[in-house]
Amino acid sequence: MTARLVATGLRLAFGATQALDGIDLHVGAGEIVAVMGPSGSGKSTLMHCLAGILRPDSGEVHFDGVRLDNQNERKRDAIRLRQFGFVFQFGDLVPELTLLENVALPLQLLGFRRSVAEHRARALLDRLEVADAADRTAAAASGGQVQRAAVARALVHQPSVVFADEPTGALDTVTGELVLDAFVDLARENGSSVVLVTHAADVAAVSNREVVLRDGRVAVAAVDRT
Amino acid sequence: MSVPHTLLGLLEPVPQHGYTLKREYDARFGGTRELKFGQVYATLSRLERDGLARVLAVESGDGPDRRRYAITASGVTELEHWLTTPQEVGEHTPGELFVKVTLSLMSGRSAAAVLDGQRAVHLTRLRELADIRRSGEITQRLAADYETAHLKADLTWIETAGARLERWSADLNQGESANGSQP
């Protein structure tokens with residue numbers, strides 16, 4: 001499998017806390033990798049380093065063969081905007097905008113006309129069975145609706161990699177399963193790789209393989225079983 | 001699980017030979033523990049003795065006579081009673097994983113390694129079940145849902161136990177360093 005993201009020897013400390021302590025990780029094209037581990041094990045920090053949001057103290061991150069961590073802020077922003085999608089635990093949509101506007105936003109930032117962006121956004125919201133709420137503001141929508149829209153926003157520009165941090169952590173079990181299934185189906189259709197950060201093993205079960213962190217190190221690196 | 005009642009349930013829609021009954025039982029409910037032929041025939045004899053099933057026909061062939069069994073009216077009544085009686089919630093016995101984790105802790109071995117190994121096996125099985133839940137026939141889906149729910153419960157415990165052990169070991173280390181700093 002072609003490596004899409006490769007991290008080698010990542011180390012990052014926050015004060016006296018060694019959040020990442022020498023992590024090697026690769027994510028193949030179209031592969032879904034679950035990053036698991038207890039609270040404080042370094043899962044989210046690793047995700048932020050892989051996505052170029054945080055810079056490691058040492059070690060390297062390569063995306064599609066190009067080194068990402070030593071690029072300047074502007075270049076990393078450009079790569080994130082075009083190539084990466086993000087889903088967070090509480091959606092993190094713009095509360096004043098409608099779900100439709102939120103989902104169309106990444107496309108508009110990439111220069112698509114508003115009508116084109118909203119057409120694509122509506123089609124995706126329809127796939128995620130939340131088209132009825134498309135014109136509701138994020139502030140007025142339910143948690144499940146917001147999270148579906150967050151999934152749509154992460155995938156609307158067909159990114160190479162989607163980073164998802166506890167994407168269903170704020171939802172009840174049934175809604176969480178539905179949103180997770182839809183997310184995974186759409187990511188697979190797109191051919192997007194997914195880095196799925198979760199502490200819940202049942203969520204990790206949708207991945208191709210799991211990596212378990214403990215104290216900033218890889219405790220278990222499972223092999224791909226697909 | 002009550003094998004006699006399950007066999008009655010399989011006999012109700014259509015009379016069957018012991019051989020086909022065993023095959024259907026194994027396919028639907030056997031999992032890794034298939035019924036032995038001896039148990040099937042002994043159970044059918046008891047059901048016949050108790051008037052819950054009867055021999056419909058005896059067919060002679062090269063081997064031993066083949067008996068085709070059907071459920072009786074009393075059998076249907078007994079089956080309905082069993083189906084509609086909720087089962088007792090038995091006293092929960094800890095599983096083998098719990099025993100392994102406990103013994104690892106007691107012996108100073110790595111309990112986290114036991115949990116890590118089991119998590120990987122559970123996740124592999126959950127991934128297999130996810131395919132069945134998507135594409136299997138309805139009884140296979142139900143069986144996969146059931147097994148999935150139980151595996152998820154195990155996994156919840158695996159994560160809880162892992163977090164608890166982390167905390168415990170952190171407390172232990174803190175206690176040791178506090179003791180070490182005392183004059």
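Leaving aside its neighbours within four places in sequence, which residues is A:L125 in contact with? Keep that question in mind while you orient yourself in this predicted model, and begin the tour by selecting A:L125 itself, whose contacts beyond that sequence window are A:L99, A:L100, A:V103, A:V130, A:A131, A:A134, A:A149 and A:A152.

Next, widen the selection to the largest nonpolar core, which has 81 residues, and pick out A:V35, A:L99, A:V103, A:L125, A:A152, A:V195 and A:L196, the members that touch the most other members. Colour helix 5 of chain A (residues 143-155) as well, since seven residues of this helix belong to the core, the most that any element gives. Apart from this core lies another, of 11 residues, and to find it you can select B:L44, B:L47, B:L52 and B:A53, which are among its members.

Now return to chain A and display its open sheet, in which four strands follow the order 2-1-4-5 with antiparallel pairing. The edges are strand 2 (17-28) and strand 5 (66-67), each of which pairs on one side only. Between strand 1 (residues 3-14) and strand 2 of chain A the antiparallel pairing runs over nine bridges, and a good place to look is A:L5, whose bridge partner in strand 2 is A:V27. Then add helix 1 of chain A (residues 43-50), which packs on the sheet, touches strand 1, strand 2 and strand 4 (58-63), and makes about 125° in direction with strand 1.

Finally, move to chain B and colour domain 1 (3-84) and domain 2 (96-181) separately, following the domain assignment; the C-alpha centres of these two domains lie 39 Å apart.

Methods. Residues are numbered from 1 along each chain as its sequence is written. Chains are lettered from A and ligands numbered from 1 in the order in which they are written. This is a predicted model: local features need pLDDT of at least 70, side-chain atom pairs count only at pLDDT 80 or more; totals for chains, interfaces and linings use all residues. Two strands pair if DSSP finds at least two bridges between them. Helices (H or I, at least four residues) and strands (E, at least two) are DSSP runs, numbered from the N terminus. Two residues are in contact if their C-beta atoms, placed from the backbone, lie within 7 Å. Axes are lines fitted to C-alpha atoms, for helices over the stretch in contact, and angles run from 0 to 180 degrees between N-to-C directions. A nonpolar core is a set of buried Ala, Val, Leu, Ile, Met, Phe, Trp, Tyr and Cys residues joined through C-beta atoms within 7 Å. A residue is buried if 20 or more other C-beta atoms lie within 10 Å of its own, exposed if 12 or fewer, and partly exposed in between; C-beta atoms are placed from the backbone. Domain bounds come from an automatic or database domain assignment.
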